[in-house]
Amino acid sequence: MTTPKHIIVGMSGGVDSSVTALLLKEQGHHVTGVFMKNWEEDDTDSYCPASMDMADAQAVCDQLQIELHRINFSDEYWERVFTHFLQEYRVGRTPNPDILCNKEIKFKAFLDYAKQRGADYIATGHYARIQQQDKQFQLVKGIDSTKDQSYFLYLLDQQQLAHSLFPIGDLTKQTVRKLAHQAGFKNHEKKDSTGICFIGERKFKTFLSDYLPAQPGDIVTIEGKIIGQHDGLIFHTLGQRQGLKIGGLKNAPEAPWYVVAKNLAKNTLVVAQGQEHPLLYTRTLTATQVHWIGAPPLSFPYELRAKTRYRQTDQACIIHTIDQDRYRVDFVESQRAITPGQSVVFYDGDVCLGGGIIA
């Protein structure tokens with residue numbers, strides 16, 4: 001961008017979005033800040049203190065001498081993200097609302113808002129990069145491999161990428177904090193937000209209980225023996241060890257128990273002993289609702305790499321078509337605790353190709 005542009009920055013009150021605004025302002029662009037409120041209950045509890053984040057965002061904008069606007073996307077979040085989140089839990093899957101939030105709120109509702117106000121681009125503090133090749137926009141991993149957020153952005157399309165900027169994608173987190181400190185931002189050491197913002201520091205089980213009725217049931221071994229009780233299948237996920245409250249069983253070895261399946265029809269939680277139990281591993285998954293950021297591969301089977309959870313190292317695999325938006329993914333090595341409802345995201349080197357929902 002050789003000429004100054006009007007860029008609206010999503011300001012969260014954190015150090016990443018603060019440095020995003022700083023860099024764009026230093027480059028001579030007309031920068032405006034926007035603080036997005038996506039959860040109505042922030043005002044009434046102390047778990048996700050939106051007012052404190054807003055104050056941090058305002059302090060940075062005051063320092064940079066840019067305007068900060070506050071917009072409320074709570075209705076959009078409830079309709080486009082949270083209702084889907086609840087529906088997935090009802091049918092026994094474990095969704096990732098942050099991925100849908102990026103698609104529907106940060107890069108749709110927010111982008112629409114920015115366009116209506118004449119902005120050329122929106123910018124966020126994501127650790128990812130955007131590059132253009134052969135008239136196609138590519139989503140590329142951030143330089144800092146420990147912070148790369150491309151996994152959460154795989155649902156973005158060409159139009160969204162064309163109007164978005166990730167200014168800190170070429171920086172490490174350490175450098176971002178250093179720049180914030182040099183700029184005199186009081187939030188330069190602010191702790192990174194983790195998990196789903198609207199849940200905050202609350203226990204997930206307590207939060208989910210407010211919205212979904214839990215049905216207690218039996219915890220059973222793979223042989224069908226009842227060895228305990230669960231409070232509700234919605235509170236458990238594959239590969240889980242903590243919180244099962246079973247152990248010290250008569251005539252059973254001392255090895256820890258892990259969730260290996262959920263039987264919705266019988267409302268039973270199936271467990272087995274040992275972190276390396278065979279039922280925790282599989283080499284194949286089916287991906288539905290597959291989205292390609294650019295043009296899909298020209299032919300299948302197609303060799304690439306993929307990850308089935310955020311922090312995972314990319315895994316070699318071969319992808320096959322089943323029908324229009326369903327694919328079979330065969331991994332070279334067995335993968336642990338592949339979880340229905342989560343996302344499998346595809347990569348060619350550092351370029352994120354897209355992904356789908358694990359069926």
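A residue counts as exposed when its relative accessible area is over 50%, and as buried when that value is under 20%. With that in hand, helix 2 makes a good place to start in this predicted model.

Helix 2 covers residues 50-64, and its 15 residues should span 21 Å at 1.5 Å a residue. The end C-alpha atoms do sit 21 Å apart, so the expected and computed spans agree. Which residues of helix 2 are buried? The list runs A50, D53, M54, A57, V60, C61 and L64. There is a pattern behind spacings of this kind: an α-helix has 3.6 residues a turn, so residues three or four places apart point the same way. Looking down the axis of helix 2, the buried residues fall within an arc of 125°, which means that they line one face of the helix. The face turned away from that buried side carries S51 and M52, both exposed. As for what lies over the buried residues, the cover includes helix 1 (15-26), strand 2 (30-37) and strand 3 (68-72). Just past the end of helix 2, Q65 takes a positive phi of about 60°.

One of the buried residues of helix 2, C61, has a relative accessible area of 0%. Another cysteine, C101, comes out at 8% relative accessibility, so C101 is buried too, given the cut-off of under 20%. A disulfide is a covalent bond between the sulfur atoms of two cysteines. How many disulfides turn up in a search of the whole structure? The search finds zero.

Next come the strands. Strands of a sheet pair through backbone hydrogen bonds, either parallel or antiparallel. One open sheet is built from four strands in the order 9-8-11-10, with mixed pairing. Strand 9 (226-230) and strand 10 (257-263) stand at the edges; each has a single partner strand, so one side of each is left without a neighbour in the sheet. From one strand to the next, the twist averages 35°. Inside this order, strand 8 (residues 217-221) and strand 11 (residues 268-273) pair in the parallel sense, over three bridges. Here I219 stands opposite L269 of strand 11.

Further along the chain, strand 13 (residues 302-307) pairs with two strands that can be taken in turn. Five bridges join strand 13 to strand 14 (residues 315-323), and the two run antiparallel; in this pairing E303 stands opposite I318. Strand 13 is also joined to strand 16 (residues 343-348), again antiparallel, by three bridges. Across that pairing, A306 stands opposite F346, while R305 stands opposite Y347.

Why can strand 16 be called largely enclosed by the rest of the structure? Five of its six residues are buried, and that is the reason. Strand 16 also pairs with strand 17 (residues 351-358) in the antiparallel sense, over six bridges. Y347, which faces R305 of strand 13, has C352 as its bridge partner in strand 17. The hairpin of strand 16 and strand 17 has two residues between the strands, and in this hairpin G349 takes a positive phi near 65°.

Note on methods
Residues numbered from 1 in each chain as written. Predicted model: local features only at pLDDT ≥ 70, side-chain atom pairs only at ≥ 80, totals over all residues. Heavy atoms only, no water. Pairing = 2+ DSSP bridges. Axes fitted to C-alpha atoms, helices over the stretch in contact; angles between N-to-C directions. Expected span 1.5 Å × (residues − 1). Buried < 20%, exposed > 50% of the residue type's maximum accessible area, 1.4 Å probe, protein only. Arc of directions from axis to C-beta. Contact = heavy atoms within 4.5 Å. Disulfide = S-S within 2.5 Å.
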